[in-house]
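Subject: Structure handover

Hello,

Here is the structure I promised to pass on. Please open it first, then read my notes below.

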Amino acid sequence: MFELLAYERFRDTPAVRFFDVTVDTSNARDLVIHSGPAISPPNDAASGAWQFYLHPHQEDNLLAASGGRTFYLVNLAWEQPFHIVRLDSGGDILRIPPGTFHRSVSDPDGSVVLNQAVREEGVSLVQEFRVYNSARIPALLAVTSIQAPPPRLHGVEPLLQAA
Ligand SMILES: [Fe+2]
């Protein structure tokens with residue numbers, strides 16, 4: 001399953017926020033900046049189908065440093081395979097295990113997310129950042145279709161469920 005990790009907040013005031021966000025096991029850092037209501041990866045241009053990343057050999061540890069972002073997680077090995085998780089600025093770190101389909105949608109004003117990844121030695125970045133089109137993966141499409149049981153929501157307003 002995914003996890004939401006708390007961390008030490010040294011100072012959290014309206015003017016100054018100072019946190020220790022170290023993920024001890026991380027050996028790679030990605031900084032992902034959405035300057036508007038971006039979708040990552042973008043929906044398939046031709047069909048509009050949702051697309052996902054899946055890292056075979058990388059764990060993601062995602063912290064929203066600014067703005068908010070909503071993550072759609074699908075793992076076909078989980079008892080409940082489809083979750084929607086809200087990340088708010090300065091909130092918990094979202095840990096996504098390898099083998100989990102994931103896509104994210106930024107709030108209208110965009111977001112800045114720091115990923116303290118745990119990447120296996122010698123992996124192919126091309127393979128780790130492959131994009132998967134849900135329209136071409138029947139099991140993924142079935143779980144995320146409107147006919148499927150609804151996703152489990154974590155910090156998300158139920159309105160999003162209809163999206
Ligand atoms: Fe990722």
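F52 counts as buried, because it has 22 C-beta neighbours inside 10 Å and 20 are enough for that label. Bear in mind that this is a predicted model. F52 lies in strand β6, which covers residues 51-53.

What does F52 touch, apart from residues up to four places away in sequence? The list is V74, F101, H102, R103, Y132 and S134. Take Y132 from that list. F52 and Y132 are 80 residues apart in sequence, yet their C-alpha atoms are 5.1 Å apart in space.

Next, F101. Its place is in strand β10. F101 counts as buried because 25 C-beta neighbours fall inside 10 Å. Setting aside neighbours within four places in sequence, F101 is in contact with F52, L54, V74, N75, Y132 and L140. P81 is not in that list. F101 and P81 are 20 residues apart in sequence and 9.9 Å apart, C-alpha to C-alpha.

V74 appears in the contact lists of F52 and F101. Its own contacts, again without neighbours within four places in sequence, are F52, P81, F82, F101, L140, V143 and T144.

V74 also leads to the core. The largest nonpolar core has 19 residues. Those with the most contacts inside it are L62, F71, L73, V74, L87 and L94. Which elements each supply at least two residues of this core? They are β7 (58-74), β8 (82-87), β9 (93-96), β10 (101-119) and α2 (138-144). β7 gives the most, with seven residues. A general point fits here: in soluble globular proteins, nonpolar side chains tend to be buried together.

Now N75. It is found in the loop between β7 and β8. Is N75 buried or exposed? N75 counts as buried, because it has 21 C-beta neighbours inside 10 Å. Leaving out neighbours within four places in sequence, N75 is in contact with P81, G99, T100 and F101. L31 is another matter: the C-alpha atoms of N75 and L31 are separated by 24 Å, with their positions 44 residues apart along the chain.

Strand β2 (residues 8-12) makes a contrast. β2 is hardly covered: of its five residues, the count of buried ones is zero. β2 runs antiparallel to strand β3 (residues 17-20), and four bridges join the two. A hairpin through four residues connects β2 to β3. Within this pair, R11 stands opposite F18 in β3.

Last, the chain as a whole. How many helices and strands does the protein chain have? There are two helices and twelve strands. From the N terminus on, the elements run β-β-β-β-β-β-β-β-β-β-α-β-α-β. Of the 163 residues, 27% count as buried. Consider contacts between residues at least 6 apart in sequence: 78% of these join residues at least 24 apart.

The C-alpha atoms fill a box of roughly 45 × 40 × 30 Å, taken along the principal axes. The radius of gyration is 16 Å. This agrees with a compact globule, because one with 163 residues would have a radius of gyration near 15 Å.

Best wishes

Key: Residues numbered from 1 in each chain as written. Predicted model: local features only at pLDDT ≥ 70, side-chain atom pairs only at ≥ 80, totals over all residues. Core = buried A, V, L, I, M, F, W, Y, C linked by C-beta atoms within 7 Å. Buried ≥ 20, exposed ≤ 12 C-beta atoms within 10 Å, placed from the backbone. Contact = placed C-beta atoms within 7 Å. Rg over C-alpha atoms; globule rule 2.2 N^0.38 Å. Pairing = 2+ DSSP bridges.
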